[in-house]
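Biologist: I'm new to this structure and would like a close look at a single part. Could you pick one pair of strands and then walk me outward from there?

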Amino acid sequence: MTTRNASSASLLEKDLEIVGNISFQNNLYVHGKVNGNIAAPMDSRAALYIQGDSEVTGEIRAPLVIVSGKISGDVFASRRISLKSTAQINGNIHYLEIQMDEGAEINGVLVSMNSVSNAQ
């Protein structure tokens, strides 16, 4: 039986294009193109890094999302989303905490999960 290092990371190189959904547990760095949903357990310590040279078309669900590239689809960050100056998002962002650098572009609605949980 093999055990995984809790801090392990996976890398999708920039010359890689994936068509289909991706599930991950720890850290995932995306440099290429993904046409599908990307998901990690929302109660985990997983982190998704969408690098500046990457494009994702699909829904994203992860506790921590750091975006420098392009996303077309809704994003759900159960802990935090960080939008770097080169980030371009066409979709709604659902977040607990958000950090956005000057120059980041969002074409969608920002939905605080704090206000959703407080309303119930």
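Modeller: Sure, let's start with strand E10, residues 70–72, and strand E12, residues 88–90, which pair in the parallel sense over three bridges. Keep in mind that this is a predicted model. Within that pairing, Ile71 has Ile89 of E12 as its bridge partner. In general, strands of a sheet pair through backbone hydrogen bonds, and they can do so in a parallel or an antiparallel way.

Now zoom out a little. E10 and E12 sit side by side in an open sheet of six strands, and the order runs E2-E5-E8-E10-E12-E14, with parallel pairing. At the edges you'll find strand E2 (17–19) and strand E14 (105–107), each of which pairs on one side only. Going from one strand to the next, the twist averages 5°.

Let's go back to Ile71, since it leads us into the interior. Ile71 is among the contacts of Ile60, and that list leaves aside neighbours within four places in sequence. The other residues in contact with Ile60 on that list are Ile38, Leu48, Ile50, Val65, Asp74, Val75 and Phe76. Ile60 also belongs to the largest nonpolar core, which has 26 residues. Along with Val30, Ile38, Leu48, Val67 and Ile81, Ile60 is one of the members that touch the most others in that core. Several strands feed into this core with at least two residues each: strand E4 (27–30), strand E7 (47–50), strand E9 (60–67), strand E11 (75–83) and strand E13 (93–100).

What about charged side chains? A search of the whole structure turns up two salt bridges. In one, Arg61 and Glu59 meet through their side chains, at 2.7 Å from N to O. Is this pair buried or exposed? Neither, quite: Arg61 has 33% relative accessibility, so this residue counts as partly exposed, and Glu59, at 28%, is partly exposed because buried would need a value under 20%.

The other salt bridge joins Glu97 and Arg80, with their closest N and O atoms 3.5 Å apart. This one links distant parts of the chain, as Glu97 lies in strand E13 and Arg80 in strand E11, 17 residues apart. Glu97 is partly exposed at 44% relative accessibility, and Arg80 is partly exposed too, with a relative accessible area of 31%. Notice that E11 and E13 came up a moment ago: each supplies at least two residues of the nonpolar core, and the salt bridge between Arg80 and Glu97 ties in those strands as well.

Methods: Residues are numbered from 1 along each chain as its sequence is written. This is a predicted model: local features need pLDDT of at least 70, side-chain atom pairs count only at pLDDT 80 or more; totals for chains, interfaces and linings use all residues. Side-chain values use heavy atoms; hydrogens and water are left out. A nonpolar core is a set of buried Ala, Val, Leu, Ile, Met, Phe, Trp, Tyr and Cys residues joined through side-chain atoms within 4.5 Å. Buried means under 20% relative accessible area, exposed over 50%, partly exposed in between (1.4 Å probe, protein chains only). Helices (H or I, at least four residues) and strands (E, at least two) are DSSP runs, numbered from the N terminus. Contact means heavy atoms within 4.5 Å. A salt bridge is a side-chain nitrogen of Lys or Arg within 4 Å of a carboxyl oxygen of Asp or Glu. Two strands pair if DSSP finds at least two bridges between them. Axes are lines fitted to C-alpha atoms, for helices over the stretch in contact, and angles run from 0 to 180 degrees between N-to-C directions.
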